[in-house]
Amino acid sequence: MQLLWDLQAIDAGLDGIRDTQESFAPKLDNIKEDIVLLSGAEAEYKSELATKEVERRDLRDKVEQLKGLIAQSKEKIAQIANNKEYFAVLKELEHNQKQLERQELELAGLVEEIDSIKEQIAENDKDMAAKNEEMAIEEKAISTKVATLERKIKSGERGRQTKTKGLEQAFMRRYLRIRKRYKNAVVAVENGTCLGCNVNVPPQVYIDLLKGQEMMSCPNCQRIMVNRAEAEVEKKK
Ligand SMILES: [Zn+2]
């Protein structure tokens, strides 16, 4: 019974270590998710920027073209004698000048937009760098912890093997079956009360237990019982 009691302590320890190990994953997943979101945003900003850069190039070409037309019109006007032709060229000149004004305004707006996208990209880069750093730090911390935990698991499993060697297969199977339902498959009985379910066991069962009969189950909860004295001895070891 003491072997089972020991085994239960080792198993509880191993469960705790495994839970701790599993608790690391969500933290890393959160950071990874943030990085994925930031990378997505980065890609969008960059494609937006590329589109705007093309627009700006086109607009600049148009502006240059208009400036050329305006210069031509001005040259023509200086050489014109005929009124009708003069007004026609003047009208064209005015039209092109208005167009130029509009497009230069548009171009200024576009340049502003481009600058703001570039700022957003810089901001995004900073956030990503911070997240990547956080990830690296977290991964390092976790890998150190995991290494420690894995050492503990290994030594726990070695201890477990020693204990299970001394146990009969039937005992082991029963222990493992009960453990699926209750983490404390092995419980102490004190003054005739099962400390697993807090129900009194029948007097005859308790007497048998005190006599040292092995592998007795609590008639109420089916947990494997050990008497309190045995459990205490085990704790002091
Ligand atoms: Zn019980």
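Visitor: Is V36 exposed or buried, judged by relative accessibility?

Guide: In this predicted model, the reading rests on a cut-off: a residue counts as exposed over 50% relative accessible area and as buried under 20%. V36 has 57% relative accessibility, and therefore counts as exposed. The residue belongs to helix 1.

Visitor: Which separation is found between the C-alpha atoms of V36 and M128?

Guide: These two C-alpha atoms are 9.4 Å apart, while V36 and M128 are 92 residues from each other along the chain.

Visitor: How does Q103 read on the accessibility scale, buried or exposed?

Guide: Q103 is buried, because its relative accessibility is 11% and the limit for that class is under 20%. The residue sits in helix 2, which spans residues 83-165.

Visitor: Which residues does Q103 contact, once its neighbours within four places in sequence are left aside?

Guide: The contacts of Q103 are then L59, K62, V63 and L66.

Visitor: How should one describe the packing of two helices, and what are the values for helix 1 and helix 3?

Guide: One considers the approach of the axes, the crossing angle and the handedness. The axes of helix 1 (residues 2-79) and helix 3 (residues 169-181) come within 12 Å, with a crossing angle of roughly 40°. Angles under 35 degrees would count as roughly parallel, and those from 65 to 115 as roughly perpendicular; helix 1 and helix 3 are therefore oblique to each other. Their crossing is right-handed.

Visitor: Which residues meet where helix 1 and helix 3 are in contact?

Guide: Helix 1 contributes L4, L7, Q8, D11, A12 and D15, and these meet M172, Y175 and R179 of helix 3.

Visitor: Turning to the metal site, which protein atoms are donors to the zinc ion?

Guide: A site is read from its donors, then from their angles. The SG atoms of C194, C197, C218 and C221 are the protein donors, at 2.2 to 2.4 Å from the zinc ion. Angles among the four donor atoms run from 103 to 113°, and the site is tetrahedral.

Visitor: How are the donor residues spaced in sequence?

Guide: The spacing is C-x2-C-x20-C-x2-C. Within this set, C194 and C221 link distant parts of the chain, being 27 residues apart. C194 is in strand 2 (residues 193-194), whereas C221 is in the loop between strand 3 (216-217) and strand 4 (224-227).

Visitor: Are C194 and C221 buried or exposed?

Guide: C194 counts as buried, because its relative accessibility is 0%. C221 is also buried, with a relative accessible area of 4%.

Conventions: Residues numbered from 1 in each chain as written. Predicted model: local features only at pLDDT ≥ 70, side-chain atom pairs only at ≥ 80, totals over all residues. Heavy atoms only, no water. Donors = N, O, S within 2.8 Å, 3.2 Å for Na, K, Ca; no water. Tetrahedral: all angles 85-135°; square planar, octahedral: opposite > 155°, others 65-115°. Helix = DSSP H or I, 4+ residues; strand = E, 2+ residues; numbered from the N terminus. Buried < 20%, exposed > 50% of the residue type's maximum accessible area, 1.4 Å probe, protein only. Axes fitted to C-alpha atoms, helices over the stretch in contact; angles between N-to-C directions. Parallel < 35°, antiparallel > 145°, perpendicular 65-115°, else oblique. Left-handed = near helix turned anticlockwise from the far one by under 90°. Contact = heavy atoms within 4.5 Å.
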